[in-house]
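Subject: Structure for you to look through

Dear colleague,

Please find the structure below, and keep it open beside this message while you read. My notes on what was found follow it.

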Amino acid sequence: MFKPKRILVPTDFSSASRVAVNQAKEIAELCNSELVIIHVKAKEAENLPLFFLDDSKIDEINKHLDEHIDHEIEKIKNDVFKGSIVKPTVRICHGNPYDEIIKTADSMACDLIVISSKGKSALDGFFFGSITEKVARRAHCSVLISR
């Protein structure tokens, strides 16, 4: 039986990615695996037309975004992992989501990636689905696609 030692689970804080986090936790509990939660702040946000904002406003927006990410991670830890034997490690990365997911899986020697088939975007199948597809095709470890 396949027993992963380290599992990576990406989250965009959507309900679909919450399902993936729960599945990853269950597998980690059954297999006594380490679990790593990753959230990637996409570079695309940097390309938004924010030319009308000065640097202090952009810094303020980034600060609020970081606070939101911290809040959502704590919410996952409290809602999903309270009382669990699994204590996840958290990675916050900045860049292209599928690249960062694959790089993290490789650098941390993950045996399994558990990823949602869709995410937060209004165009779920197009944006997050394409991330999921790229991760599944390019990862050097097993990938479980959660629905």
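A good place to begin is the pair of strands β1 and β2, covering residues 6–10 and residues 34–42, which run alongside each other in the parallel sense and are joined over five bridges. If you want one position to find by eye, look for arginine 6, which stands opposite glutamate 34 in β2. Please bear in mind throughout that this is a predicted model.

From that pair you can build up the rest of the sheet, which is open and is formed by five strands with parallel pairing, in the order β3-β2-β1-β4-β5. Which strands stand at the edges of this sheet? They are β3 (89–95) and β5 (142–146), and because each of them has a single partner strand, one side of each is left without a neighbour in the sheet. As you move from one strand to the next, the twist averages 25°.

The protein as a whole has four helices and five strands, and if you follow the sequence from its start you will meet them in the pattern β-α-β-α-β-α-β-α-β. Two of the helices are worth tracing against the sheet. Helix α1, made of residues 15–31, lies across β1, β2, β4 (112–116) and β5, and its direction is at about 150° to that of β4. Helix α2, made of residues 55–80, lies across β2 and β3, and here the angle to β2 is about 155°.

Some totals may help you to picture the whole. Of the 147 residues in the protein, 40% are buried, while the accessible surface comes to about 8,700 Å², with 53% of it belonging to carbon and sulfur atoms. When contacts between residues at least 6 apart in sequence are considered, 78% of them join residues at least 24 apart.

The search for salt bridges over the whole structure found eight, and I describe three of them here.

The pair to start with is arginine 18 and aspartate 79, whose closest N and O atoms are 3.5 Å apart. This salt bridge links distant parts of the chain, since arginine 18 belongs to helix α1 and aspartate 79 to helix α2, with their positions 61 residues apart in the sequence. Is arginine 18 buried, partly exposed or exposed? Its relative accessible area is 22%, so it counts as partly exposed, given that the buried class ends at under 20%.

Another salt bridge joins lysine 77 to glutamate 74, with the closest N and O atoms 3.8 Å apart. Both residues are in helix α2, and because they are three residues apart there, about one helical turn separates them. Lysine 77 is partly exposed, with a relative accessible area of 29%, and glutamate 74 is also partly exposed, at 40%.

The last pair I will mention is in helix α4 (residues 124–138), where glutamate 133 and arginine 137 are four residues apart and therefore separated by about one helical turn. Their side chains meet in a salt bridge at 3.6 Å, taken from N to O. Glutamate 133, at 45% relative accessibility, counts as partly exposed, whereas arginine 137, at 54%, counts as exposed, because the exposed class begins at over 50%.

With best wishes

Methods: Residues are numbered from 1 along each chain as its sequence is written. This is a predicted model: local features need pLDDT of at least 70, side-chain atom pairs count only at pLDDT 80 or more; totals for chains, interfaces and linings use all residues. Side-chain values use heavy atoms; hydrogens and water are left out. Two strands pair if DSSP finds at least two bridges between them. Helices (H or I, at least four residues) and strands (E, at least two) are DSSP runs, numbered from the N terminus. Axes are lines fitted to C-alpha atoms, for helices over the stretch in contact, and angles run from 0 to 180 degrees between N-to-C directions. Contact means heavy atoms within 4.5 Å. Buried means under 20% relative accessible area, exposed over 50%, partly exposed in between (1.4 Å probe, protein chains only). Accessible areas come from the Shrake-Rupley method with a 1.4 Å probe; for residues, only the protein chains shown count as cover. A salt bridge is a side-chain nitrogen of Lys or Arg within 4 Å of a carboxyl oxygen of Asp or Glu.
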